[in-house]
Amino acid sequence: MKKYGKKVVRMVALAFAVAALFCVPAFATGGNGDVSGAISQAWQGASTQIKSVVNDVVFPALDMILAIAFFGKLGMSYFDYRKHGQFEWTGPAILFACLVFALTAPSYIWGIVGM
């Protein structure tokens with residue numbers, strides 16, 4: 001049992017030594033420690049890319065999913081109307097409101113976020 005414990009201690013010590021050997025200190029903006037400046041600079045560089053990806057990929061995908069859900073719910077509500085004689089507007093109305101919100105979001109969301 002002692003032999004096994006020594007092996008485990010050696011392996012853990014070796015793992016810590018290798019980790020310490022490969023650790024590299026990271027300095028924000030040349031070593032002066034200005035982390036907020038580095039984050040601000042990185043955000044300004046990436047904000048245009050983020051905005052274009054969200055406008056060209058995320059919002060259209062969300063709009064498509066909401067449109068499919070809206071028309072599917074509208075069809076299901078119609079079939080429920082045919083079966084029970086009462087049309088339930090709540091589901092389609094909520095999905096329609098979400099669809100309108102998502103369709104118009106690119107025009108005002110960037111002003112809220114500050115881009």
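**Exercise 1. Is C23 buried or exposed, and at what relative accessibility?**

Solution. The structure is a predicted model, and the values below are computed from it.
Step 1: take the cut-off, which is over 50% relative accessible area for an exposed residue.
Step 2: compare the value of C23, which is 56%.
Step 3: C23 therefore counts as exposed.

**Exercise 2. Classify C98, then state how many disulfides there are**.

Solution. Step 1: the relative accessible area of C98 is 35%.
Step 2: partly exposed covers the range between under 20% and over 50%, so C98 is partly exposed.
Step 3: a disulfide requires two cysteine sulfur atoms within 2.5 Å. By this rule the count is zero.

**Exercise 3. Identify the residues of the largest nonpolar core and the elements that supply them**.

Solution. Step 1: the core has five residues, namely L66, F70, L95, L99 and A102.
Step 2: two elements, α2 (35-84) and α3 (90-113), each give two or more residues to this core.
Step 3: α3 supplies the largest share, with three residues.
Step 4: as background, nonpolar side chains in soluble globular proteins tend to be buried together.

**Exercise 4. List the contacts of A102 beyond its neighbours within four places in sequence**.

Solution. Step 1: set aside the residues within four places of A102 in sequence.
Step 2: the contacts that are left are F59, L62, D63 and L66.
Step 3: check the list against the core, where L66 and A102 are both members.

**Exercise 5. Find the residues of the nonpolar surface patch of about 430 Å², and place Y4**.

Solution. Step 1: the patch is made by Y4, V8, V12 and F16.
Step 2: Y4 belongs to helix α1, which spans residues 2-22.
Step 3: Y4 has 58% relative accessibility, and exposed means over 50%, so Y4 counts as exposed.

**Exercise 6. Describe T90 and G75 by helix, accessibility and one C-alpha separation each**.

Solution. Step 1: T90 is in helix α3, and G75 is in helix α2.
Step 2: T90 has a relative accessible area of 45% and is partly exposed. G75, at 25% relative accessibility, also counts as partly exposed.
Step 3: for T90, take S77 as partner. These residues are 13 apart along the chain, and their C-alpha atoms are separated by 9.6 Å.
Step 4: for G75, take I112 as partner. Here the residues are 37 apart along the chain, with 35 Å between the C-alpha atoms.

Terms used
Residues numbered from 1 in each chain as written. Predicted model: local features only at pLDDT ≥ 70, side-chain atom pairs only at ≥ 80, totals over all residues. Heavy atoms only, no water. Core = buried A, V, L, I, M, F, W, Y, C linked by side-chain atoms within 4.5 Å. Buried < 20%, exposed > 50% of the residue type's maximum accessible area, 1.4 Å probe, protein only. Helix = DSSP H or I, 4+ residues; strand = E, 2+ residues; numbered from the N terminus. Contact = heavy atoms within 4.5 Å. Patch = residues over 30% accessible without salt bridge, like charges linked within 9 Å, V, L, I, M, F, W, Y side chains within 5 Å. Areas by Shrake-Rupley, 256 points an atom, 1.4 Å probe, with all protein chains shown as cover. Salt bridge = Lys/Arg side-chain N within 4 Å of Asp/Glu carboxyl O.
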